[in-house]
Amino acid sequence: LPVQLKGKESLWIVDSGASHSVIDEDYAKQLGLTIHPGIKGFGFGGTFDLSYVKLPSYGPKNVQLENQTVYALKGLSQRFSSPKAVGILGYDFLSRFIVKIDYAKQHLVLYQHHGFNYTGSGSVINAPLKNNTFSLPVILDNKLQANWAIDLGAYDVSIHYPYAKKNNLLQRKGLETISAGIDGILLERTIKFDSLSIGPYSIQPAYINVAVNKGSGSGGDGELAGNLGNSVLGRFV
């Protein structure tokens, strides 16, 4: 999304898998913002160092939030080549709205919570919050059922290492690959499954990345089975 901050407009990634919004540290300094020492952050595959920065009003045009504290990460913008992005809009921003994404039209609509009524023909599915990330019940091959994170910041669908090990998925053959995130590189294997089902919807077959090593980040805690990225989410509004 194009985000306005201190009179300048730049692109930020919309990421429902991020529990907090993040700005590139060098970009924040260019805008004259003060950086404060922070904490250790947890990504999908590992950990990284974060700082804090307090933003004045920021957000897309006509949707401005005031005096928000977000994380700052050194080298964040270098991780995005095309398009170039300088920040990530996470849970602390997205949770203030009802967010509708129409992939086919490439539209994102932000609604106020009060007065919103859904009138479409879609399905309502219970999606509990886990670590400030929505999760959905997913069934693999009509037998493996667990909750997965809804991750707008991920392209592919991925299974975390603890769940793969528990269900003997590490022995299955596939194409060796890697995924890159804020926290670095994660080794994975792309495996063909017969089906991936969410509520009444089924994708057949489903090609899913399986982590072959246990990382130190959020993908290693075992609470959720995996991540639902845009290769699946893009099939829906």
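This report describes a strand hairpin, several salt bridges and a pocket in a predicted model.

## The hairpin of S11 and S12

Strand S11 covers residues 98–102 and strand S12 covers residues 107–111. The two strands run antiparallel and are joined by five bridges. At one position along this pairing, Asp102 stands opposite His107 in S12.

Together, S11 and S12 form a hairpin, with four residues between the strands. One residue in the turn, Gln106, has a positive phi of about 55°.

## Salt bridges

The structure holds five salt bridges. One of them joins the side chains of Asp26 and Lys74, with an N to O distance of 2.9 Å. This pair links distant parts of the chain, 48 residues apart: Asp26 belongs to helix H1 (residues 25–30), whereas Lys74 is in the loop between strand S9 (68–73) and strand S10 (87–89). Asp26 counts as partly exposed because its relative accessibility is 27%, and the partly exposed class lies between under 20% for buried and over 50% for exposed.

Another salt bridge brings together the side chains of Lys130 and Glu223, at 4.0 Å from N to O. Lys130 lies in strand S13 (residues 129–130) and Glu223 in the loop between strand S21 (206–211) and strand S22 (226–228), so this contact ties together parts of the chain that are 93 residues apart in sequence. Lys130 has a relative accessibility of 28% and therefore counts as partly exposed. Glu223, at 44%, also counts as partly exposed.

The side chains of Glu176 and Arg189 form a further salt bridge, with an N to O distance of 2.6 Å. Here the partners are 13 residues apart, with Glu176 in strand S17 (residues 175–181) and Arg189 in strand S18 (residues 184–193). Arg189 counts as buried because its relative accessibility is 15%, and the buried class covers values under 20%.

## The second largest pocket

The second largest pocket has a volume of about 1,500 Å³. Its lining consists of 35 residues, and Val99, Lys100, Ile101, Ile150 and Val237 are the ones that lie nearest the centre. By class, the lining has 24 nonpolar, ten polar and one charged residues.

Several elements contribute to this lining. Helix H2 (91–94), S11, strand S14 (133–140) and helix H4 (230–233) each supply at least two residues. S11 gives the most, with four residues. Strand S11 thus appears both in the hairpin with S12 and in the lining of the second largest pocket.

Note on methods
Residues numbered from 1 in each chain as written. Predicted model: local features only at pLDDT ≥ 70, side-chain atom pairs only at ≥ 80, totals over all residues. Heavy atoms only, no water. Pairing = 2+ DSSP bridges. Buried < 20%, exposed > 50% of the residue type's maximum accessible area, 1.4 Å probe, protein only. 1 Å grid on protein atoms, 1.4 Å probe; cavity = no way out; pocket = protein on both sides within 12 Å on 5 of 7 lines; lining within 4 Å. Points joined across faces, edges and corners; volume = space filled by probe spheres on them. Nonpolar A, V, L, I, M, F, W, Y, C, P; charged D, E, K, R; others polar.
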